[in-house]
Amino acid sequence: MEEANQSVVHEFIFQGLCNSKELQIFLFLSFSILYLMTVVGNLFVVLLIITDPHLHSPMYFLLANLSFVDFCLSSVTTPKLTADLQRTKRPFPLGVA
């Protein structure tokens, strides 16, 4: 009778960008500063277009929507990246891409 491998793996450890603690801190600070600049800039654009009546045209409406979408996208990905940079063990469950 043929024996099959009976081991089951539920997660594997994702190494990430680096193993150096100093480089992780540098990347954390860099991405955090870029994230804050992106959030402040996009919110400034949206608020400026909403408050100034001269900017109530379709082109600026599109610009406000693009800034809002960029704000939403960066508010999902960048905090996850900065949180993962602070972890020492990065489990990655199988079946989730």
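This passage walks through the fold of a small set of elements in a predicted model, starting with the whole chain and moving on to its helices and a few residues within them.

The protein chain holds two helices and two strands. Read from the N terminus, these elements follow the order β-α-α-β. Of the 97 residues in the chain, 16% are buried. The accessible surface of the chain amounts to about 7800 Å², and carbon and sulfur atoms contribute 72% of that surface. Contacts along the chain can also be sorted by sequence separation. Among the contacts with a separation of 6 or more, 73% join residues that lie 24 or more positions apart.

Helix 1 is a good place to begin a closer look. The helix has 31 residues, which should span 45 Å at 1.5 Å a residue, and its end C-alpha atoms are 44 Å apart, so the expected and modelled values agree. Its buried residues are Gln24, Leu27, Ser32, Val39, Asn42, Val46 and Ile49. These buried residues pack against helix 2. Helix 1 also includes isoleucine 33. Together with Leu34 and Met37, Ile33 makes a nonpolar surface patch of about 320 Å².

Helix 2 covers residues 58–86, which gives it 29 residues. From its first C-alpha to its last, helix 2 reaches 42 Å, close to the 42 Å expected at 1.5 Å a residue. A kink of about 25 degrees is nevertheless present in this helix, and serine 74 is at its centre. Ser74 is also one of the buried residues of helix 2, alongside Ala64, Ser67, Thr78, Thr82 and Leu85. The partner of these buried residues is helix 1, spanning residues 21–51, against which they pack. The packing can thus be followed from either helix: the buried residues of helix 1 pack against helix 2, and those of helix 2 pack against helix 1.

Individual residues help to fill in this picture. Serine 67, in helix 2, has a relative accessible area of 7%, and it counts as buried because this value is under the 20% cut-off. Leaving out residues up to four places away in sequence, serine 67 touches Asn42, Val45 and Val46. Two of these names are already familiar, since Asn42 and Val46 are among the buried residues of helix 1.

Leucine 85 is another residue of helix 2. Its relative accessibility is 4%, so leucine 85 also counts as buried. The C-alpha atom of leucine 85 lies 6.4 Å from that of phenylalanine 28, although 57 residues separate the two along the chain.

Phenylalanine 31, found in helix 1, offers a useful contrast. At 26% relative accessibility, phenylalanine 31 counts as partly exposed, because its value falls between the 20% limit for buried residues and the 50% limit for exposed ones. Even so, phenylalanine 31 is in contact with Thr78, Leu81, Thr82 and Leu85, once neighbours within four places in sequence are set aside. Among these partners, Thr78, Thr82 and Leu85 are buried residues of helix 2. For Leu81, the C-alpha atom is 8.3 Å from that of phenylalanine 31, with their positions 50 residues apart along the chain.

Notes:
Residues numbered from 1 in each chain as written. Predicted model: local features only at pLDDT ≥ 70, side-chain atom pairs only at ≥ 80, totals over all residues. Heavy atoms only, no water. Helix = DSSP H or I, 4+ residues; strand = E, 2+ residues; numbered from the N terminus. Expected span 1.5 Å × (residues − 1). Bend = angle between axes of the 7 residues up to and from the residue. Buried < 20%, exposed > 50% of the residue type's maximum accessible area, 1.4 Å probe, protein only. Contact = heavy atoms within 4.5 Å. Patch = residues over 30% accessible without salt bridge, like charges linked within 9 Å, V, L, I, M, F, W, Y side chains within 5 Å. Areas by Shrake-Rupley, 256 points an atom, 1.4 Å probe, with all protein chains shown as cover. Salt bridge = Lys/Arg side-chain N within 4 Å of Asp/Glu carboxyl O.
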